[in-house]
Each structure stands twice: as structure tokens, then as C-alpha cells.
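The report that follows describes selected features of a structure, moving from a whole chain to a helix pair and then to individual residues. Please read it alongside the sequence and the coordinates.

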Amino acid sequence: MNPAPSTPAHQDTGVSHAPDNGEHPPHVVSVSLLFGVYGILLVFTAITVVVSRIDLGNANIWVALFVAVIKGTLVALYFMHLRWDSPFNAIALVAAFFFVALFIGLAMLDTHSYQPIIKPTPMAVTPH
Amino acid sequence: MSTATPTASAHGPDHDHAHSKHLAHHFDTPEQQFRSAKLGMWVFLGTEILMFGGLFCAYSIYRHTHPEVFSFAAESYLSIPLGTLNTVILISSSLTMAWAVRAAQLNQRMLSVVLMVLTLAGAAGFLVVKTIEYSAKWNENVWVGQWNRYNADFNDKNPAKLAPPAQPELSSVAVPLPVPSASLSDANSVTDLSKIKPRDNGPAGLAATPVSGKSTDWDSHPSISATSDLSGNESEEAKKITQRYKGMAASDQWRVATFFSCYFLMTGLHGIHVVVGMGLITWILIRSLKGEFSSEFYTPVDLIGLYWHLVDLIWIFLFPLLYLIH
């Protein structure tokens with residue numbers, strides 16, 4: 001509605017956000033969407049509690065993590081506005097998770113391959 | 001300093017926006033300023049995830065090497081109903097916070113304030129439940145470090161807990177005489193100390209100690225002597241816990257305290273974030289009441305909302321990993 005200010009700086013702001021007119025661009029999430037996400041989060045909480053009481057062997061941890069990732073993604077996309085945000089913000093979040101996964105993954109790989117060698121030694125059976 | 005004044009005056013007539021009072025001189029537009037602040041917040045949240053990542057890594061390694069310990073400790077001492085309740089409370093407070101940001105964006109000041117108060121109430125409720133849980137851990141002697149009955153130092157450091165309070169001889173010794181704790185435990189648990197002795201030899205002594213019947217005998221574990229000392233009024237549940245503990249491998253028995261280290265460090269660091277979050281929400285609540293935010297400027301509300309959602313997000317992972325271990 002306002003005539004676009006002629007400052008060059010305004011041109012790059014339009015790249016990631018289409019309806020740019022130099023105004024503050026608040027993407028407002030509707031109340032119904034917030035409550036919808038809230039409801040789904042509660043349902044998933046119930047699911048993860050119920051499934052954890054069923055013995056699935058090694059699959060329990062993966063189901064629990066899968067549900068937690070879905071819930072976390074919903075929180076990040078809708079409560080934290082990432083769905084409508086600049087992708088840079090999402091990169092910060094995804095990169096953090098990626099490096100944590102890398103860190104844990106490599107540490108686990110190491111633990112997993114050396115554990116059989118460590119276990120039979122007295123250190124593991126005697127008190128520290 | 002000389003450039004600041006001409007820049008500000010140059011921007012004044014150029015941007016005749018009402019929100020120019022919030023615009024720092026090194027930003028071209030309020031939107032650019034808002035996006036920069038938000039990106040900065042996201043980078044901070046990334047470092048928060050990395051910080052928790054270290055604890056999650058320790059958790060993963062110990063759970064992988066001692067799965068029995070984790071299922072024993074979680075099933076024996078953690079309450080799933082309380083954990084679920086806290087999950088629901090935190091998700092609800094995340095909803096009210098997201099709604100408070102929406103209200104701030106739409107200039108609905110009183111609604112925003114009410115929703116922030118509800119968010120604060122959720123945070124307080126979470127901490128109340130957490131306090132109930134932590135007190136239960138204290139009462140069951142599964143607290144941090146030396147106050148954990150599964151810690152090898154428990155009997156040395158907690159001589160008073162070696163016997164039930166009703167026992168007259170210990171209380172008569174403990175109350176009137178200012179005996180150093182070492183000699184007190186010497187007097188009361190000579191057998192325990194003699195069995196623990198090899199531990200004091202240091203790593204070299206440890207390596208030399210053969211894996212004998214003694215080290216696999218559960219009686220030699222300080223934690224179990226603590227349990228049996230309290231057996232006078234041991235509940236059915238406590239007996240079951242002791243029974244299950246006895247059935248575990250010796251290498252697992254010595255690692256039960258590690259689960260509680262993970263539990264208290266992870267929930268403790270998270271709890272500190274909840275307390276900090278309460279302070280931050282109070283701050284934006286006061287500023288909202290003063291009418292400092294509007295649809296033109298609500299950056300602090302938005303950023304603190306992001307922080308609060310991250311606290312929720314981390315709990316979403318902590319809950320199944322700590323409470324829901326099968």
C-alpha cells in the first residue's frame with residue numbers, strides 16, 4: 001500500500017519474503033492452527049507413553065525418538081514460525097542438530113567397537 | 001561518532017515510519033533489524049542445542065554400554081505420570097507463549113499479557129512437579145553424587161544414614177559426641193570399610209585386584225548394605241527394587257549411580273533454563289504492561305518466545321529418553 005521506498009537496501013529483503021512493501025512482515029499464525037498443533041502434540045505425547053509400555057525390544061528407543069522428532073519438528077515449524085521464516089534460521093537449527101548427531105554418532109561408533117575389548121577387564125567389574 | 005548524527009538525520013525524513021524510534025542507526029529498515037535479531041537468537045539456540053548435545057552424548061554411551069542399568073533405574077525410581085504431566089504442562093505453556101507472540105503482533109496487549117502470565121504459571125507448575133520428583137529422589141537416597149545410595153562413597157559420606165534413626169546406640173554416639181565422620185563410620189561399619197579398601201589403592205591397586213568372588217558378591221556393594229540397613233521398614237516396592245538390583249551383573253551394579261548423574265545433569269540444566277525463561281518472560285511481561293510493544297515492535301516477545309519453545313523442544317526429547325525406558 002505504501003509506495004516502496006527507493007533505498008537500495010529494500011531490494012534484497014524481498015528475496016525471501018514475497019509481500020514485501022518495506023513494512024514489518026509479521027506472519028501471524030492463526031489461533032486455530034496453534035491449537036491444532038497443540039492437539040497433535042498432546043496426541044503424540046499419549047502415543048509415546050503408550051508405546052513405551054509395549055515391549056518392542058530394540059525398536060522402543062527408535063519409536064520414542066521418531067515420535068520426539070515429529071513433535072520437535074511441529075514445535076519448530078509452527079510455534080517457532082520456522083515454516084514462514086528465512087531459511088537461514090532453519091539452517092542454524094538443522095546444523096546444530098546435525099553436529100550433535102555427528103558427535104553422538106561417532107562417539108557411539110567408537111564405544112560400540114571398543115566395548116567388547118573393555119568389558120572382560122577387571123576395571124569394569126571392580127569399583128572405581 | 002561524527003557519522004552517527006548525519007546518518008540518523010538522513011534516515012529521519014527518508015523513513016517517516018512511526019517505529020523509527022526502535023530502529024538502530026546501523027540498520028536500514030526495521031525489518032532488517034528484526035531479521036538480524038532473530039538470526040542471532042537462532043544461532044544462540046543452536047549453541048544451546050550443542051551444549052545439551054554433550055549431555056545427550058554421555059547419556060547415549062552409558063545407556064548403550066549399560067542398558068540394564070537404565071531400565072532398572074528409570075523403572076524403579078522415575079514416575080511416568082509426573083513426567084507425562086510435566087510434558088503436558090510444558091507443551092501447554094509453549095502454546096500460550098506462541099499465542100502471546102501472536103497477540104503482540106496484533107496489538108492485543110491485554111491478551112498478550114494474560115497469555116504471558118499463563119505461560120509463567122505453566123513454568124512454575126513444571127518446577128513444582130520437578131521439585132516433587134527431586135524431593136522423592138532425596139528421600140529415596142538416590143540423589144546426586146555421594147547422596148546416592150548406589151554411589152560407592154555413599155556409606156563413607158553418610159554415616160547417619162547407615163542405621164534407622166530409631167536405633168539407640170547410633171543416635172547416642174552421633175548426637176552428643178563431635179566425632180569426625182571417618183571414625184564414626186569406622187566404629188559402625190568396620191566390615192564395609194575393609195571390603196571397600198581395595199578401591200583406595202588407586203588405579204594400580206585396582207588393576208592388580210583379581211576378579212574374585214568377593215567383587216561379584218552383591219553384599220560387598222556399599223549401596224546394598226545401605227538398603228539392607230533400612231530394611232526395617234522396607235516397603236514391598238523397595239524389596240522388589242533390591243531384588244532386581246541383586247539380579248544384575250556386578251558391572252551393572254556399579255553403574256546405577258551413573259544413570260542418576262545423567263538424570264540430574266540433564267533435567268537440572270533444563271530446569272535452570274526454565275528458571276531463566278521465567279525471568280525473561282517476567283521481563284517482557286513488565287515491558288508489555290508498560291506498553292512498550294506493538295505490532296511495529298515486538299522483537300523481544302518473539303525472541304523470548306523462541307527461547308521458551310526451545311526449552312519445550314529439549315524436554316520433548318528428555319522425557320522419552322529418561323522416563324520411558326523399557
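What percentage of the 326 residues in chain B do buried residues make up? Buried residues, meaning those under 20% relative accessible area with a 1.4 Å probe and protein chains only, make up 50% of them.

This is a predicted model, in which local features need pLDDT of at least 70 and side-chain atom pairs count only at pLDDT 80 or more, while totals for chains, interfaces and linings use all residues. Residues are numbered from 1 along each chain as its sequence is written, chains are lettered from A and ligands numbered from 1 in the order in which they are written, and side-chain values use heavy atoms, with hydrogens and water left out.

Chain B contains 16 helices and zero strands, where helices (H or I, at least four residues) and strands (E, at least two) are DSSP runs numbered from the N terminus. Of the contacts (heavy atoms within 4.5 Å) in chain B with a separation of 6 or more, 75% join residues 24 or more positions apart.

One helix pair in chain B can be described in detail. The axes, which are lines fitted to C-alpha atoms over the stretch in contact, with angles running from 0 to 180 degrees between N-to-C directions, come within 9 Å for H3(B) (residues 67-77) and H15(B) (residues 256-289) and cross at roughly 65°. H3(B) and H15(B) are therefore roughly perpendicular to each other, a class that spans 65 to 115 degrees. On the H3(B) side the contact is made by Val69(B), Phe70(B), Phe72(B), Ala73(B), Ala74(B) and Tyr77(B), and on the H15(B) side by Val256(B), Phe259(B), Phe260(B) and Cys262(B). These residues divide into 10 nonpolar, no polar and no charged, with Ala, Val, Leu, Ile, Met, Phe, Trp, Tyr, Cys and Pro counted as nonpolar, Asp, Glu, Lys and Arg as charged, and the others, Gly among them, as polar.

In chain A, helix H3 (residues 59-79) has 21 residues and reaches 29 Å from its first C-alpha to its last, close to the 30 Å expected at 1.5 Å a residue, the expected span being 1.5 Å times one less than the number of residues. Its buried residues include Asn60(A), Lys71(A) and Phe79(A). H3(A) is followed by His81(A), whose phi is positive.

Two loop residues other than glycine have a positive phi:

| Residue | Phi | Loop | Relative accessibility |
|---|---|---|---|
| His81(A) | near 65° | between H3 and H4 (87-118) of chain A | 7%, buried |
| Asn141(B) | about 60° | between H5 (109-139) and H6 (154-157) of chain B | 7%, buried |

Methods:
Angles under 35 degrees count as roughly parallel, over 145 as roughly antiparallel, 65 to 115 as roughly perpendicular and the rest as oblique.
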